[in-house]
Structure formats: C-alpha cells, structure tokens
Amino acid sequence: MVDSFLRQGIPEVAKQLTKKTTKAVTWDTAVKQLSHQTQQTLNVSKITNKGDLLPDQVKVMEDLVQTNPEDGVRLLREYEDGLLNDNWHNFQGHFSEASQKYDQDVQRASLDNSKGMKIDPEPDPEDLIPYGPWPLKASGEGKVVPDIGEDLSSSLLKANDQKDLVTNLKTPLYSGIEERHVQITPEELVSSGLFDTMVKRQGMLEEQAIVTKDYKAQKDSLKGKKLAEGDRSFKQATKNFKTNNRLLNDLASANIFTTTRDVFGINRSKLKAVLPIFGEGKKEWHHTQFFNSQGGKAFLNKVAQDPMVAANLFLKLKELDIQTSGTIKNLTLGDQVPHNEFHAMLRKKGYESWFDPKKEMLRGGEADIGEFLEAIAESVGKGETSINEMFEILEVFSRDMVPFLNKKTKEMVGPKFEDIAGFEETTKSYASETDIALGRAKKPTKSKAKQKTVPSPPK
C-alpha cells in the first residue's frame, strides 16, 4: 500500500503522470501520482524548513504546475527521480529556469499591486490581539519538557459569569478554525460542564510537568559525575524522568470525549498472574497509532494548549477513530526484539523521529505525525499558516497511516490488547487516576472474589 509506487518503479510512475496531463492537472492530483515517500517529503518541505526542499522551492514547483501543467508534472517527475535514484541532473537545470521565471512573475505582480498603496498601512486591530488569554509557551524539543501555560486556569476562572467565560474562550486561534472542523463551541463547552474537565486536565498537566522537570533536573545534575561503585542514583533518576515524561505525554493526549480505558499504569505483576501471555518472554507494551511522544507533541505544543483548539482536536480524533494515549484500543503486546525491529523500520522510512543520545537531539521523522503537528503549530503561532492544517493532517494520517500501522503492527509486533482473550474481563474493575479525574471512568469498588487465571492461547 504505502510503497506501491516504489515497487512499480519510476517508469510506471512516469506513465501515470503523463496520462494525467491530458486532463486538468492540479498540484494535488499531480503529487498524488508520486510515490508515498516523495509525497511525504514534499509535504514536510511545504510546511517546514526541515525537509529536503525549502517551502519557497515547493512554491515554485506548485506555481509551475498551475501555470504550465506539462512542465510542472515533468519537474515533479525529475524531482522524484533525484530523490529515489540520486539522479538530480535534469531537475536542477529545469528547477533553476522555473525559479527565475517565478521570481520575475512575483516581482511584476508586486509592482502591479503596490500602485496607490500606502507605505505604512494601519494595522488591523484583530492582528494586535494575543493568541489567547494566557502567554503562549514554546513547546519542547528532544528531551526538553514542554512548558504548560500555568496561568490558563486562573485567567479563565477570573471571568465574572458564563458569558465572560465564553467570550474569553473565543480566541483568535479558535476563530480561525473552519466551520467543518468545529464540533464544539465555547457555549457548548461551558454549558455541558466539560470546561470544568478541561480545567482539571490543565491542573494535572501543570503538576505533572513540574514533577517531570524536577526529575530531569535531578538526572542532568548527576550526568557525568563519578559515582561510587554500586551507586544507582543516576540510573534511577533517568528511569524516573522517562516514566514521568511518558505519563505527561499520555495525560496530554487522553481524549476527554472517549471512554476507552487507560490501562498503561495497571499493576503488571498481578496482570501476568491472571493472563500468562503478558509474562511470556520479554514483553513490551507498544502504543499502536499515536505513539507516546507523538501524543505529547500533538497536545503540548503552544497552539493546542488553547482549550477550544484541544477540545476540537480531540473530537476530530474521535471522528476519525484515531487512538491516543495508553488505552486498551491503542496498546499492542509484543516481544522486545520484533518490537525494536518494527520501530527501526518506521525510523528508516521517516515515520518516526528518534532521540540520538550521543548528539542529544531528535533525528529523522520526516513524516512523523507528532513532528508534523508541532511544526504546523509553530507556523500557526508565527502567523505563517492556517490552524486548519492541524485538522487536515489528521485526516491524511487517518487515511494513509492508520491502516498501514494497524497492518504492520499486527504482522511485526503482536496482538492489540482489545484482541487478547480475557483482557477486557480481567481489567474491567481497573480505572486509572487520569480516567477518574477526567470523568472517563468511575472509581471502581474492589471485589473480594478471586480472579480466574486465563491460559495463554496455544502457539
């Protein structure tokens, strides 16, 4: 599916692109005929400076497709030839010509449009409004813990009544969301009582971020120090940081509009005693669709901290049936070796970024959904792109990546938790603190009945 065009090879792609030129050609239709790898590379290049091309270079190619479809399609084909076969000769020459013509057209249009224009026009008052009632915080990179807008709760709760609260929730970020992506309004969020849930969520994020930062500071203070033999303080501090960073990411991406239970923090020793399959070999718990770090990047960036943006992103995920956080529907059980091989495959294809401990930085991930959302949010914050791209990239992820991830996870890692016999029954009385606090589950009553051991399926 994902690599169909790569398997067919460049000649077949060329035939399909040529066929398309007989009809009306748009940028989208032309790009869709390219290999998945080329599409993803162009998508990354179009919205960030981390791609193979710069956004302005993609704009040149897009303009050529619009003004001269035949030459534009040819240039795209030559770009793909360079990307896949390292044959850049034809692309470089033709791109240089297209770039010169584009610059000339832009300059000519600029001169035409500037006639009668004031040199320093008055700014639109709307442009002077901040992005929300609290300062926007820079999101984290690599292993940096993101800042949470700590004054969100107090700022919104200072409202005198519900009318003031609704007014404060109608930020420019929310106002920029197209109607088709708005599934809940400020009025509905407040009247339904879900705003109280959002405030609880915010408080939990603030507390968890503080704890995570403290563990990171402890880890960093011990790094490189010569410790006594047998002193495990650095290893323990590192483990504490990783555990709490995972908790922060899963908390941020826990969908308040679904009731799929969060089970990542369940007592695993007791679970192994009841379901032996969880204790056979060296088992690992894998996030299936949105990985742990991707959930964090999606909801801890500065734009998604706007409550109305977060609420509508959650509803978009629910609509598209995209699973997040450490829930039953988003967890898979697998052995360590094939699990590692699965992630290595994703990283090689650019679908997942990874932390390089030697260089202490994130690498790869050209088509990582978390990287996409974080980059889009950064561009939105600078006023360079529309917030609607955050919703549109989820639609693309649902269409193109979720089926691929489901298929490959089943083949390479193992069964989903929801497909493991006895899991739902065994864990039905468990509810995480996150689920209880966010109203996703009720606090369970402990049963005194002894649980029945469920044997592993025959191999």
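**Exercise 1.** Determine whether Glu378 is buried, partly exposed or exposed.

*Solution.* Glu378 has a relative accessibility of 37%. Buried requires under 20% and exposed over 50%, so Glu378 counts as partly exposed. The model is a predicted one. As to its place in the fold, Glu378 belongs to helix H18, which comprises residues 369-381. Lys302 stands 76 residues away from Glu378 along the chain, yet the two C-alpha atoms are separated by 7.7 Å.

**Exercise 2.** Check the length of helix H17 against the expected span, and establish how its buried residues are arranged around the axis.

*Solution.* Step 1: helix H17 covers residues 336-349, that is, 14 residues. At 1.5 Å a residue, the helix should span 20 Å; the C-alpha atoms at its ends are 20 Å apart, and the two values therefore agree.

Step 2: the buried residues of H17 are His339, Phe342, His343, Met345 and Leu346. Because they cover an arc of only 155° around the axis, they lie on the same side of H17. The general rule is that an α-helix has 3.6 residues a turn, so residues three or four places apart point the same way.

Step 3: Val337 and Lys348, on the other side of H17, are exposed. The cover over the buried residues of H17 includes strand S1 (283-287), strand S2 (331-335) and helix H19 (388-412).

Step 4: just after H17 comes Gly350, whose phi is positive, at about 90°.

**Exercise 3.** Identify which residues touch the most other members of the largest nonpolar core, and list contacts of Met390 that are remote in sequence.

*Solution.* The largest nonpolar core holds 63 residues; Phe290, Phe299 and Met390 touch the most other members. Once neighbours within four places in sequence are set aside, Met390 is in contact with Asn301, Val303, Leu313, Leu373, Ile376 and Ala377. There is also a second, separate core of 20 residues, with Val25, Ala30, Val58 and Ala98 among them.

**Exercise 4.** For the salt bridge between Glu78 and Arg74, state how far apart the partners lie in the helix and how accessible each one is.

*Solution.* The closest N and O atoms of Glu78 and Arg74 are 4.0 Å apart. Both residues belong to helix H6 (residues 69-85); since they are four residues apart, about one helical turn separates them. Glu78, with a relative accessible area of 11%, is buried, whereas Arg74, at 29%, counts as partly exposed.

**Exercise 5.** Determine which parts of the chain are tied together by the salt bridges Lys170 to Glu187 and Arg261 to Glu424.

*Solution.* Step 1: in the pair Lys170 and Glu187, the closest N and O atoms are 2.8 Å apart. Lys170 is in the loop between helix H9 (162-169) and helix H10 (172-175), while Glu187 is in helix H11 (residues 186-191); the pair therefore ties together parts 17 residues apart in sequence. Lys170 is partly exposed at 40% relative accessibility, and Glu187 is partly exposed at 36%.

Step 2: the side chains of Arg261 and Glu424 form a salt bridge of 3.5 Å, N to O. Arg261 is in the loop between helix H13 (233-252) and helix H14 (268-274), and Glu424 is in helix H20 (residues 423-427), so this pair ties together parts 163 residues apart in sequence. Arg261 is buried at 14% relative accessible area; Glu424 is partly exposed at 40%.

Step 3: salt bridges with shared partners join Glu178, Arg180, Lys316, Glu319, Glu392 and Glu395 into one network. A search of the whole structure finds 21 salt bridges.

How values were computed: Residues are numbered from 1 along each chain as its sequence is written. This is a predicted model: local features need pLDDT of at least 70, side-chain atom pairs count only at pLDDT 80 or more; totals for chains, interfaces and linings use all residues. Side-chain values use heavy atoms; hydrogens and water are left out. Helices (H or I, at least four residues) and strands (E, at least two) are DSSP runs, numbered from the N terminus. The expected span of a helix is 1.5 Å times one less than its number of residues. Buried means under 20% relative accessible area, exposed over 50%, partly exposed in between (1.4 Å probe, protein chains only). The arc is that of the directions from the helix axis to the C-beta atoms. Contact means heavy atoms within 4.5 Å. A nonpolar core is a set of buried Ala, Val, Leu, Ile, Met, Phe, Trp, Tyr and Cys residues joined through side-chain atoms within 4.5 Å.
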